[in-house]
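Let's practise reading a protein model, one small step at a time. Have a look at the structure first, then try each exercise before you read its solution.

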Amino acid sequence: MQTVTQISQVRTEVANARKSGQSIGFVPTMGALHAGHISLIETAARDCDFVVVSVFVNPTQFGANEDLEKYPRNLERDVEICAKAGANLVFAPAINEMYPEQNLTWVDVDKITTRLCGQYRPDHFRGVTTVCAKLFNIVTPDIAYFGQKDAQQSVVIKKMVADLNMPLKIEVCPTVREVSGLAISSRNQYLTEEEKQDAKLIYAALKKCSQLAKQGEQNCEILIKEMKIVLAASSKLMPQYIKIVNPKTLADLETLIDGAIAAIAAIAAKPGKTRLIDNIIISTPT
Ligand code: AMP
């Protein structure tokens, strides 16, 4: 496995792989790799011949008061993890390789980016879609892999790819969790033990919602109320939003639609200073 920092090197390596008939899989990450990222890389390695992982803490997706500076970085460890998981190439560019001058061109997906997290992180998705568009143009993958953990991000990226006729497929992989149910995240490193205990309630609430829906409860107001009750077990856990949304438009639902993917229940909450997000796919009884 090779690690490169220049766009031209990625283009050369990908062109060589393509020349020998290999398919290209791509996993974009911000590093601080964990079991969630590993599952994406392993899936890509199973599906594709040549797997590229990018490690880039993208400044354009962080708000002014967010954690860009303190975001965990450990490239040496990330490279080892990528090699073990079956990656062929790690692309770890410096900021000025990706943004050599002031960026004036943005990819901005309307409407669905203003809901859920978009309400609290106004320019976040514009940064995500722009950097993903740039990375897709650099890596030119056949398939790019994203995690269900960031449900809104996956929906937004899929919409961008469809609207702009980008020639790749987006594959969304299941959320990897700790035994406690807590969704694994690079930001979990910021949590104290006590905050981690409180954070478990997020998945407990989502699971409660999923169970009630499976038992036939279709009223979203009731389902949200039930999630609030679970979260209220800790007075220190501050919910930012608790929503049940249409899985494509991300608009709030009043009643569950019938089906295997009837809705997404999504929560953003702060067990302290750290903002955590999680979600669950809701299905109704068959
Ligand atoms: P990040 O490094 O946080 O930008 O995440 C890179 C990719 O890994 C995104 O597609 C995330 O959705 C995905 N990811 C992060 N955490 C998890 C997890 N616990 N399970 C599955 N995928 C994840």
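Two exercises with worked solutions follow.

This is a predicted model, in which local features need pLDDT of at least 70 and side-chain atom pairs count only at pLDDT 80 or more, while totals for chains, interfaces and linings use all residues. Residues are numbered from 1 along each chain as its sequence is written, and side-chain values use heavy atoms, with hydrogens and water left out.

**Exercise 1.** Check the length of helix H2 (residues 35-47) and list its buried residues.

*Step 1.* Helices are DSSP runs of H or I with at least four residues, and strands are runs of E with at least two, numbered from the N terminus.

*Step 2.* The expected span is 1.5 Å times one less than the number of residues. For the 13 residues of H2 that gives 18 Å, and the end C-alpha atoms are 18 Å apart, so the two agree.

*Step 3.* Buried means under 20% relative accessible area (1.4 Å probe, protein chains only). In H2 this picks out Gly-36, His-37, Ser-39, Leu-40, Ile-41, Thr-43 and Ala-44.

**Exercise 2.** Find which polar atoms of Gly-147, Asp-150 and Ile-184 meet the ligand.

*Step 1.* Look for polar contacts, here pairs of N or O atoms within 3.5 Å.

*Step 2.* Gly-147 uses a polar backbone atom, 2.9 Å from a ligand oxygen.

*Step 3.* Asp-150 uses a polar side-chain atom, 2.6 Å from an oxygen of the ligand.

*Step 4.* Ile-184 brings a backbone N or O atom to 2.8 Å from a ligand nitrogen.

*Step 5.* Now link the exercises: H2 gives the largest share of the shell around the ligand, three residues.

Methods:
Buried means under 20% relative accessible area, exposed over 50%, partly exposed in between (1.4 Å probe, protein chains only). A polar contact is a pair of N or O atoms within 3.5 Å; within protein, one must be able to donate a hydrogen and the other to accept it, and residues adjacent in sequence count only if both atoms are side-chain atoms.
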